[in-house]
Amino acid sequence: MGTLGEHRNEVNLEKRGSFFRSFRSDLKETFLPDDPFRHLEHQSGCAAAGSLVKYFVPVLEWAPKYTLAKLQADLLAGITIASLAVPQGISYARLANLHPIVGLYSSFVPPLIYVVFGSSTNLAVGNTAAVSLFLGSVIGSEISPLESPELYKHMFFKAAFFTGIFEATLGIFRLGILVEFFSRSTITGFMGGTAIVVIMQQLKGVLGMRHFTTKTDVVSVLGSIISHREEWRWESAVFGTCLVILLLLCRHMRAKLPRLFWLPAIAPLLVVVLGGLFAYLIHAEDHGILIVGTVSKGLNPISISHLKFESKYHGVLLKAVLISGFLALSEGIAVGRSLATMKNEQVDGNKEMIAFGMMNIIGSCFSCYLTTGPFSRSAVNFHAGCKTAMSNVVMSMCIMVVLLFLAPLFKYTPLVALSAIIIVAMIGLIKFEEAHRLLKVDKFDFAICVAAFFGVIFFSMTVGLLASVGLSILRALLYVARPTTCKLGNIKGTEAYCDVEQYPDSVLFPNILILKLGSPIYYASAGYLRERILRWIEEEDAIARKGEVNLQYLILDMSGVTSIDNTGISMLAEIHRYVDRRAIKIALTNPRIEITEKLKSSKYLDLIGEQAVFLSVKEAVEACHFTEYKNELV
């Protein structure tokens, strides 16, 4: 096959450099695929140091260029998201069984920190329902919020502190790849299941119940609702239904009239104000409508003295940190990237991790629990026309005014109003269209989504998340262990060689078997590839013999193989020994330089001959035909 000489293109089999140079390049591609420091190469020492500081503290990059026009836009956006942050902060704190004021605290300090370290111009910082419910269920399983309210609250601060360290560490060491295991299918199913659970739990507030289960699965929630049916109050149920209808009507008007983007943002605050006024005027507690109660004014108290680590609760704390950390990062980074795409901007996920980590570390020292970039608040920020992260500062200043002067006014806020706000917010997290699309596009992705959904509903948030992530990892392992491999044929009239199953009319050569190997060829996939290739050889040889010819050539297209290990090379050697006994010659086409280095070092190329390596399948086929023609002449 190597006698074509000048008619074939030479394949580069030279080494690409030393081991350490290759190792450094591989590490860079793994942890720095975007090469964020490439602009530092041509800068002087001081300039490079300044650019490096600006990379980790983005506010130094955009603040000097800030204009009055941007301030006007951010001012409007900040006030708009503040109107949403107040009722959401109170509601999500209640969802976590914390005092409502803690939710307001968490919307004051963390946004100020994010402005300094965050890279997204669209993200609005705050608490999320999923994280609030998860932390409430995990911490509540060990510490009762009723019997030990102070210890319960302090555990939230500790969870925020250690989660912040965890997030910042992932960002500093460029380990954002770990978050990618939370696939879109996992998030869709998990959020949908969490939304159902949260809605079910809000029936406590809607029905005016005083006793309720601390568990999150639907069976326990329904059992609690039925077992305490003597606590149901029709007045609360009617009032809550009216508020839900009002909020849904505002959302519907926004969908019909896009210019009313601000309406769903102020609707929750409107519900809180009107609900509080109504409760005050009719003395709601006398009619079975529960209210929030005393809310003290004042800025965040310092809580750093409560961050002591107690070994007694290390198990629950570790569980809370790891899972809530991944949840917060997944949602925050996904929201930031999706909104940035609409503005043709870039968001560095690893920088966002550092920003989330810093705001949670510092926030935990000022009575804040875990925060991230919630979708609802960030979407409102985006549609309100924000230009920079300064909108978070405006929101924070509005929250400061509320904490200093207006907090006591929320005393009469009905719990049913907070339940109505949460219910309507959760309805938007149930993505039926996305689930249906997954069913049509990829059944395995749909199974991952369903595992998360039903795991959360019938067991717990932890079980649902782990089941879904487990299926995702299993799928990734299957791709490694069973790489795509196919038989190729020539598309008539072209030089292309494609899968014969996809193109059944492609041209096959009776004495040549062409196979395209998938990537990677590792110890996990070597056995499968060996058995699959041998079966193809036997089947093709049997077909060739029916036409009174013998299978003479095996061409392995290596263009899709990005890596190979020692077991993979041994598998290729076994294949060579097998076909050699049957007088079949092997040819390789278009192997990457990483592959040829290993094949050359292992002496495999000496086994088949370097002349058996071709640049393309077309050249290999031509060489086979040329050799066959020469043999006929002889």
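Here are some short exercises on helices and rings in this predicted model, each with a worked solution.

**Exercise 1. Check the length of helix H8 against the distance between its end C-alpha atoms.**

Step 1: H8 covers residues 149–172, so there are 24 residues to work with.
Step 2: The expected span is 1.5 Å times one less than the number of residues. For H8 that gives 34 Å.
Step 3: Now compare. The end C-alpha atoms of H8 are 35 Å apart, which agrees.
While you're there, look just past the helix: H8 is followed by Arg 174, which has a positive phi, near 55°.

**Exercise 2. Work out how helices H12 and H13 run relative to each other, and what sort of residues make their contact.**

Step 1: Two packed helices are described by the angle between their axes and the distance between the axes.
Step 2: Find H12 at residues 234–256 and H13 at residues 263–282; their axes come within 9 Å and cross at roughly 155°.
Step 3: Angles over 145 degrees count as roughly antiparallel, so that's what H12 and H13 are. Their crossing is right-handed.
Step 4: Look at who touches whom. H12 brings residues including Phe 239, Leu 243, Leu 246 and Arg 251, while H13 brings, among others, Leu 263, Ala 267, Val 271 and Phe 278.
Step 5: Sort the contact residues by class, and you get 12 nonpolar, one polar and two charged.

**Exercise 3. Do the same for H13 and helix H18.**

Step 1: H18 is residues 415–427, and its axis comes within 9 Å of the H13 axis, crossing at roughly 165°.
Step 2: That makes the two helices roughly antiparallel, and H13 passes H18 in a right-handed crossing.
Step 3: On the H13 side you'll find Pro 268, Val 271 and Val 272, meeting Ala 417, Leu 418 and Ile 421 of H18.
Step 4: The classes come out as six nonpolar, no polar and no charged.

**Exercise 4. Are helices H9 and H11 roughly parallel or roughly antiparallel?**

Step 1: H9 (residues 184–201) and H11 (residues 218–227) pack at about 10°, with their axes 10 Å apart.
Step 2: Angles under 35 degrees count as roughly parallel, so H9 is roughly parallel to H11.
Step 3: Ile 196, Met 200 and Gln 201 of H9 meet Val 218, Val 221, Leu 222 and Ile 225 of H11. This contact has six nonpolar residues, one polar and no charged.

**Exercise 5. Describe the ring pair of Phe 156 and Tyr 369.**

Step 1: The model has 12 aromatic pairs.
Step 2: For Phe 156 and Tyr 369, the centres are 5.7 Å apart with 90° between the planes, and the pair is edge-to-face.
Step 3: Place them on the chain. Phe 156 sits in H8 and Tyr 369 in the loop between H15 and H16, 213 residues apart, so this pair links distant parts of the chain.

Definitions and conventions:
Residues numbered from 1 in each chain as written. Predicted model: local features only at pLDDT ≥ 70, side-chain atom pairs only at ≥ 80, totals over all residues. Heavy atoms only, no water. Helix = DSSP H or I, 4+ residues; strand = E, 2+ residues; numbered from the N terminus. Axes fitted to C-alpha atoms, helices over the stretch in contact; angles between N-to-C directions. Parallel < 35°, antiparallel > 145°, perpendicular 65-115°, else oblique. Left-handed = near helix turned anticlockwise from the far one by under 90°. Contact = heavy atoms within 4.5 Å. Nonpolar A, V, L, I, M, F, W, Y, C, P; charged D, E, K, R; others polar. Phe/Tyr/Trp six-rings, centres within 6.5 Å; stacked < 30°, edge-to-face > 60°.
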